[in-house]
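Q: I should like to learn how the features of a protein model are read, beginning with a pair of strands. Could you take me through them in turn?

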Amino acid sequence: MATVQLAQVNKVYDGGVHAVHDFSIDIADKEFIVFVGPSGCGKSTTLRMIAGLEEISYGDLLIDGKIMNAAAPKDRDIAMVFQSYALYPQMTVYNNMAYALKLRKVPKEEIDKRVKEAARILKLTPYLDRKPRALSGGQRQRVALGRSIVRRPKVFLMDEPLSNLDAKLRVAMRSEIVHIHNEVGATTIYVTHDQIEAMTMASRIVVMKDGFIQQIGEPNEVYKNPANMFVAGFIGTPAMNFLHGTLEEGYFVIDGTGERIKITPAQMKYLKNYVGKRIVYGIRPESLIYEGDERFEKYKDYSFKMTAGMVELLGDIVNVHGVAGENKVVLKMGSKYSVKDKAEISVAAECEQARFFNESTTKAITPDCCEYEEAEVTQSLDEDNVVVIEQKTQGIFSKIANAIKSAGKKNKKSEPADVEDIKQENSSEDIEVETTEDEKTEQ
Ligand code: ADP
């Protein structure tokens with residue numbers, strides 16, 4: 001039973017890397033929260049601050065309402081499972097799970113009860129007498145989880161626990177971990193860069209980028225109503241299509257081709273401040289309708305032309321990659337339709353599913369957030385005398401800024417030490433950490 005609160009938590013590493021900015025969330029008891037985002041966005045750093053393996057630079061961490069910033073990892077009642085799990089090869093499955101409890105001098109009968117209960121939940125009962133080398137990868141990963149479960153921690157922290165497993169096993173373990181979470185009922189925080197894991201496992205997702213939270217919400221909400229273009233592009237495969245252009249009264253005009261897509265009156269209501277301005281029309285590949293589909297006629301006013309390029313056949317589904325003017329477009333359709341390379345086709349947007357973004361700030365324009373805004377752009381020189389153009393949220397200038405940065409920094413000093421090395425160096429013995437550092441252990 002535990003609630004976890006982070007209030008404006010920040011991490012600035014020695015050397016000045018500001019890895020996590022103002023991270024705030026209230027996590028309810030028994031929630032399954034997933035931190036998701038590209039590599040280097042600050043997911044592990046945040047998790048490690050919760051575990052106590054990394055100091056919080058400023059901001060507060062509360063577990064069950066008590067401030068825990070200064071508490072030692074072992075006093076936080078947390079169990080952490082890493083992607084690289086470690087088992088003692090000379091011990092049976094039973095003893096691997098019982099070991100931590102024996103060290104804590106838990107009575108024998110209690111240990112037996114907890115190990116057998118964990119084995120039942122993890123479907124490991126038939127293997128309790130086996131040694132790890134006689135188990136499959138998935139079974140070993142379950143034993144690693146079992147070692148955490150028997151401790152009955154208040155909070156489980158999992159850092160990419162499935163990344164070492166093959167694709168099929170990952171899918172199986174995904175649903176097993178959710179099932180285990182439902183049975184054990186402990187608050188769980190799970191880190192992954194894999195948006196499908198996030199979508200399928202989480203009760204709520206926290207999408208991160210460059211150390212900033214981009215959006216917190218239930219998977220469906222984040223998918224349907226992304227807060228900005230980063231979230232819209234990161235969650236969902238293939239990613240949401242972005243058509244750049246200008247809004248006119250009742251129409252969106254696509255850059256380059258000048259084609260006009262109708263905007264519904266309901267959408268125009270909240271887009272009114274953007275008439276005459278540049279916006280981005282977002283539509284998911286599955287919300288585009290191929291001209292051969294009988295539904296096309298109904299959505300004809302919302303159609304535009306695209307030139308087909310690569311066609312991906314995925315069994316029941318076909319992804320047609322193409323362009324509309326300078327915009328890349330992907331159409332996802334049933335495999336009963338076929339499209340030839342270089343063919344010019346019409347596709348119609350299911351207008352109800354269209355989403356709109358301010359091109360300058362990249363933020364979603366919604367009924368609740370429809371005032372016209374322009375991104376704040378600042379220009380400065382960094383320590384290498386390279387011009388840096390920065391804006392609060394990433395938009396059209398980000399490409400220029402990144403290009404300038406990378407051009408200027410070419411041949412400059414290399415990145416800080418490899419993140420994996422850093423993680424390994426900082427691993428602590430104080431909490432139950434399932435990792436491979438111990439040479440005596442085996443995976
Ligand atoms: P993620 O888990 O999302 O891949 P991390 O939390 O590991 O990201 O890293 C976030 C940022 O902090 C990255 O830029 C990374 O290089 C940096 N970083 C991580 N650990 C350290 C460290 N010990 N010292 C300095 N920078 C670090």
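A: Let us begin with a strand pair in this predicted model. Strands β16 (residues 303–314) and β17 (residues 317–324) are antiparallel partners, joined over six bridges. One point to locate on the display is V311, whose bridge partner in β17 is V320.

Q: What holds strands of a sheet together in general?

A: The strands of a sheet pair through backbone hydrogen bonds, and the pairing may be parallel or antiparallel. In the present case, β17 also pairs with β18 (residues 327–334), again in the antiparallel sense, with eight bridges joining them. Within that pair, V323 stands opposite K328 of β18.

Q: Which residues take a positive phi in the hairpins of β16 with β17 and of β17 with β18?

A: The hairpin of β16 and β17 has two residues between its strands, and G315 there takes a positive phi near 75°. The hairpin of β17 and β18 likewise has two residues between the strands, with G325 at a positive phi near 65°. A positive phi also appears just after helix α2, where K105 takes a value of about 60°.

Q: How should one read the order of strands in a sheet, and which strands stand at its edges?

A: One lists the strands as they lie side by side. Here four strands form an open sheet in the order β2-β1-β4-β5, with antiparallel pairing. The edges are β2 (18–27) and β5 (66–67); each has a single partner strand, so one side of each is left without a neighbour in the sheet. The pairing of β5 with β4 (residues 58–63) consists of two bridges and is antiparallel. One residue pair to inspect is L62 with its bridge partner I67 in β5.

Q: Which helix lies across strands of this sheet?

A: Helix α1 (residues 43–51) lies across β1 (4–12), β2 and β4, and its direction makes an angle of about 120° with β1.

Q: Which residues of helix α2 are buried?

A: Burial is read from relative accessible area, with under 20% as the cut-off. In α2 (residues 93–103), the buried residues are V93, Y94, N96, M97, A98, A100 and L101. Over the protein chain of 443 residues, buried residues make up 50%.

Q: How many cavities does a search of the whole structure find, and what lines the largest?

A: The search finds two cavities of 30 Å³ or more. The largest contains about 90 Å³ of space. Its lining consists of F32, L145, I149, F156, M158, I177, I180, H181, V184, A186 and T188. Elements giving two or more residues to this lining are α4 (137–149), β7 (155–159) and α5 (167–184). Of these, α5 gives the most, with four residues. By residue class, the lining has nine nonpolar, two polar and no charged members.

Q: What is the residue make-up of the second largest cavity's lining?

A: About 40 Å³ of space lies in the second largest cavity. Y274, N358, T361, K363, A364, I365, C369, E371 and E373 line this cavity. They divide into four nonpolar, two polar and three charged residues, whereas the lining of the largest cavity has no charged residues.

Q: How many helices and strands are there in the protein chain, and what share of contacts joins residues at least 24 apart?

A: The protein chain has eleven helices and 24 strands. Among contacts between residues at least 6 apart in sequence, 66% join residues at least 24 apart.

Conventions. Residues are numbered from 1 along each chain as its sequence is written. This is a predicted model: local features need pLDDT of at least 70, side-chain atom pairs count only at pLDDT 80 or more; totals for chains, interfaces and linings use all residues. Side-chain values use heavy atoms; hydrogens and water are left out. On a 1 Å grid over the protein atoms alone, a cavity is a set of points where a 1.4 Å probe fits but cannot get out, and a pocket is an open set with protein on both sides within 12 Å along at least five of seven lines; lining residues have an atom within 4 Å of a point. Grid points are joined across faces, edges and corners, and a volume is the space filled by probe spheres set on the points. Ala, Val, Leu, Ile, Met, Phe, Trp, Tyr, Cys and Pro count as nonpolar, Asp, Glu, Lys and Arg as charged, and the others, Gly among them, as polar. Two strands pair if DSSP finds at least two bridges between them. Contact means heavy atoms within 4.5 Å. Axes are lines fitted to C-alpha atoms, for helices over the stretch in contact, and angles run from 0 to 180 degrees between N-to-C directions. Buried means under 20% relative accessible area, exposed over 50%, partly exposed in between (1.4 Å probe, protein chains only).
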